[in-house]
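Reader: I'm new to this one and would like a close look at a single part of it. Could you walk me through a pocket, and then show me how some of the helices pack?

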Amino acid sequence: MLVEQREFDKSIKLVERALTNLKDISRISKLKEYLLNLQVPEKRENLVQEIKKEKIELNKKFSLEEPDDLYTYDFPVPTRYSLINEEQDLIQKAIFSKKSRNYFSAEETYIDIYNKYGASVALYVSIAKIMTCQGMFNNALKLMNLALNGAKNILGEDDITIKSHCNILTNIIKGVLSAEAIYLYLIKISENSDYQPILRGYNNEKIKNIFYEISKNLKDYQSKINKDLIKKYENEVLKFNKKLGIINKFTLEVPDDLYTYDFSIPTRYSLSNDEQTLVQKAVFYKRKGNYLSAEKIYLDIYKKYGASVALYVSIAKVMICQSMFNSALKLMDLSSAGAKIISGENNYLIDGYCETLKEVITNSMPTDFLYLYLIEISGNSNYEPTFRENGDEQMKKIFKEVSKYYQSEINKNLNKKAEVRKVNPISSSKNISINNINQNSSKDSKIEEIKLQEKPQYLKNSEDLSKPQNFSIPNKYGVSQTEEILIKEAVEFQKNKKYLEAENIYITIFNIYKPSCTLYVYIAKLLIAQEKYEEASALMGLAAIGARKILKKSDSTMARYSIILHEICANQLSTKEIVSFLNEIFENNDIKLENNDNEKKEENINRFEKDRGNCTEEIEKIEEPQDPIAQYQLGVCYENGEGVEQNKEKAFKWYKKAAEQGHIEGQCKLGLYYLQGQGVEVDFYEAFKWYKKAAEQGHVEAQFLLGLFYENGKGVEKNSEEKFKWIKKAAEQGQATAQYELGLCYETGEGVEQNHEEAFKWYKKAAEQGHIEGQCKLGLCYVQGLGVEADSYKAFKWIKKAAEQGYIDAQGCLGLFYEERQGVETDSYEAFEWYKKAAQQGHVISQYKLGLCYLQGQGIGEDYEKAFKWIKKAADQGHADAQCCLGAFYEDGLEVEADFYEAFKWYKKAAEQGHADAQFLLGLFYANGKGIEQDYKEAVKWYKKAAEQGHADAQHNLGLCYGQGQGVVKNPYEAAKWLSKSIQEGQERKFF
């Protein structure tokens, strides 16, 4: 940039400084070349042109003319919700690039995911976030809306989080949100607290101006965010200050101490799935202050899986919790170097940790900030300082100050605030009135205060929405569709100043549903509309704490609203700032604060009291809900114990009331309760009756279950035609399991004429929705050419999809594909791995196949002990091939002591199932008297069974028996017949 501006002297100084700190050899040589050109005046102009050319080339990367640019895609509505494992690994890579502000790398990763795995809701949200980070709000909104539609199709209701993103993006495009609010949102989306505004190919002047304002006020915004963070941590210390016991002080004498290792630069970035599970366990121990247990887990990970950037950062955090700042910095530096080598750029998050640790080590960080930093690192709001190194006396002194003073001082101050909020707001609260603030007052003028009159008596009960002490921290974030409908109705009442009606709706939601952060925010807005700022502040604070607890990070909007309300209560905001806040809260642009007019004030109070009085009589009449929706939701509350003690009998009662009024979900629930005997005795007839009512109204799950009733004959006579009819109705509505069952009906001809083409069609529909049994069946259709032309590649593709989702039948089939080279190259190792996955889950055929792999050394070294183990597992479950094979183990004394009786026993089990080899061998045992008394008659019997199945050796021996008259009347004709058959089979052998 300086070269472009021809500030050559400054450029030289900057390059020289870079050369003293840089360790990357390739970059050093490039910078030396720049330095040489800068020092020669004749070459400077050439360098200017070269840099401009480089800049043009770089900008081309971000133009929409790129043939594979992510934003030129015409995205469809996704039909899949989550990511599969392979996508998750790539997504982590893209998120790393995003956090490091390398958006183009992230885009390339998302293009790969989209091209390779197709569309999913989760992928669309990730792409939309990248667009948002670059100011492409229209593109982001378009994709977020597609994600929202896809989620609704899949879940049957809105995804609250995605809907929230859509609303925010809409408000940004409309210009409703302030630059500061947008900046806070961008920090959240980018997951980078040091986010720098980036605008890409955007022509909207309004957005450009907002980004310019963010850039201009960046330092102020970041400073304010830091202040907000301190307040946030102080709140958490108050709310979650429960002692966890004394933290053990660990010495360095532990024999396998993690910190004695000489760590090298990691060459791997992320954690594998197995490592992530272990790390979560270690993080749990860290939060509890049990650092030694956390260390042991990290040590196991390091020994088993080796070094990774993510592991180093986790270990460094445990070091920090024990004040081992020098050790932590050393490991963080290695993490930073590793991240840079792997990704080719700095990881700003890790670099931030390094800078903070340097401040701690040099004692340049204030005590209170250090304490807050330790709370964040430990993940424990009640963190107590812990020493492990015989370290710095200055540091020990600081920690002593933290232990004895800082936390108690924070709690003392916060408890004072809490006591203020516990005072009854009806009798003592003072509120800012929209009607008593002088519109022409100066920015520094104080806001006059008035006392609200007493509320009517009937509102002084435990359900009073104006009493913050009635509310606890919410443990639910968003709201359901039904709650959302009710809230919209309450908001309409609020807009029309019918506050009592709005309160009644919120009371209903609060009593029926589990309290949520979102509900608290809406109640707080209602309180603001009635000028009850202190009560609103208390409730908004609870919402912000709940959100932090649920999301594991703060909700920036709730946190900001909470701070503003606190400042209003403390008279710290000007009239103009309050008006701006009210405009934002109520999505209005024309709120004005009136002059102090006592007549208007009195008129408002009288109208308010009149509204309340008119409703008193109606409120007193309400005893229990008559509305079927409310009855059904009450049933849900009693079923799940949400807001009330769990009670299945009462849940049954309310579901029945709703069902009797025709509520379709109530009818379905009532059928389930009768079926399972929940809150009522099992009654298949009643279950069938209510499922049928719901099914006749079009309830897809009820239609499917009704089909199963007709199949099993519970509550109704078996009827395959009726089963087919109802299963088909559910399938036509897109129910995946019903589509699979319908495919079975067409394949077997149950309730309908057999039709393999129709069977294939419905299996395919189920498979495309991710139904794993449908995917496996579809694969088998391609194997057998059932209703479609045989195609081993497509068969392999669909069976692999099901196998990767853990369907054991598919995993066993996939092993066969790899073993027998169907649709894929032969790969004995892959065959072994898939047999093993299925076998470990109890798949009998795979257990037998796995035993053969160990027996024959296919995909794994020979191991007769394991071969015997797995073949016996399959044999014990009745697998004929395994039983025959197990007989051979006992006959030959392979891995077990030779035992002809045991061999005979297992051959007989297999033979009785029609196993030709076992029948032949059983005949041999009877003929030779092995493990059983010699009996030629029985020998002939079993030879004949095997011979009739085309077993050449059995045919040969049977012919000899007829020729010699052993166990049967001598018959040359029969002897010739069976010997001839044996020759045709190509296996003439003499066994006697």
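**The second largest pocket and two helix pairs**

Author: Let's begin with who builds the wall. In this predicted model, five helices each give at least two residues to the lining of the second largest pocket: α4 (85-99), α5 (103-117), α34 (756-768), α36 (792-804) and α38 (828-840). The largest share comes from α36, with eight residues.

The space inside comes to about 1,200 Å³. There are 32 lining residues, and those closest to the centre of the pocket are R80, I84, K801, E804 and Q805. Sort the lining by class and you get nine nonpolar, twelve polar and eleven charged residues.

Now for the helix pairs. Take α22 (residues 517-529) and α23 (residues 533-551): their axes come within 8 Å and cross at roughly 165°. An angle over 145 degrees counts as roughly antiparallel, so that is how α22 lies against α23. The crossing of these two is left-handed. On the α22 side, the contact is made by C517, Y520, V521, I523, A524, L527 and I528. Facing them from α23 are Y533, E535, A536, L539, M540, L542, A543, G546, A547 and I550. By class, this contact has 15 nonpolar residues, one polar and one charged.

The other pair is α27 (residues 628-640) with α28 (residues 648-660). Here the axes of α27 and α28 also come within 8 Å, and they cross at roughly 160°. α27 and α28 are therefore roughly antiparallel to each other as well, and α27 passes α28 in a left-handed crossing. From α27, the residues making the contact are P628, Q631, Y632, L634, G635, V636, Y638 and E639. From α28 come K648, K650, A651, W654, Y655, K657 and A658. Split by class, the residues where α27 meets α28 are nine nonpolar, two polar and four charged.

So, to put the pieces side by side: the pocket lining has eleven charged residues, the contact of α27 with α28 has four, and the contact of α22 with α23 has one.

Terms used: Residues are numbered from 1 along each chain as its sequence is written. This is a predicted model: local features need pLDDT of at least 70, side-chain atom pairs count only at pLDDT 80 or more; totals for chains, interfaces and linings use all residues. Side-chain values use heavy atoms; hydrogens and water are left out. On a 1 Å grid over the protein atoms alone, a cavity is a set of points where a 1.4 Å probe fits but cannot get out, and a pocket is an open set with protein on both sides within 12 Å along at least five of seven lines; lining residues have an atom within 4 Å of a point. Grid points are joined across faces, edges and corners, and a volume is the space filled by probe spheres set on the points. Helices (H or I, at least four residues) and strands (E, at least two) are DSSP runs, numbered from the N terminus. Ala, Val, Leu, Ile, Met, Phe, Trp, Tyr, Cys and Pro count as nonpolar, Asp, Glu, Lys and Arg as charged, and the others, Gly among them, as polar. Axes are lines fitted to C-alpha atoms, for helices over the stretch in contact, and angles run from 0 to 180 degrees between N-to-C directions. Angles under 35 degrees count as roughly parallel, over 145 as roughly antiparallel, 65 to 115 as roughly perpendicular and the rest as oblique. A crossing is left-handed if the near helix is turned anticlockwise from the far one by less than a right angle, and right-handed if clockwise. Contact means heavy atoms within 4.5 Å.
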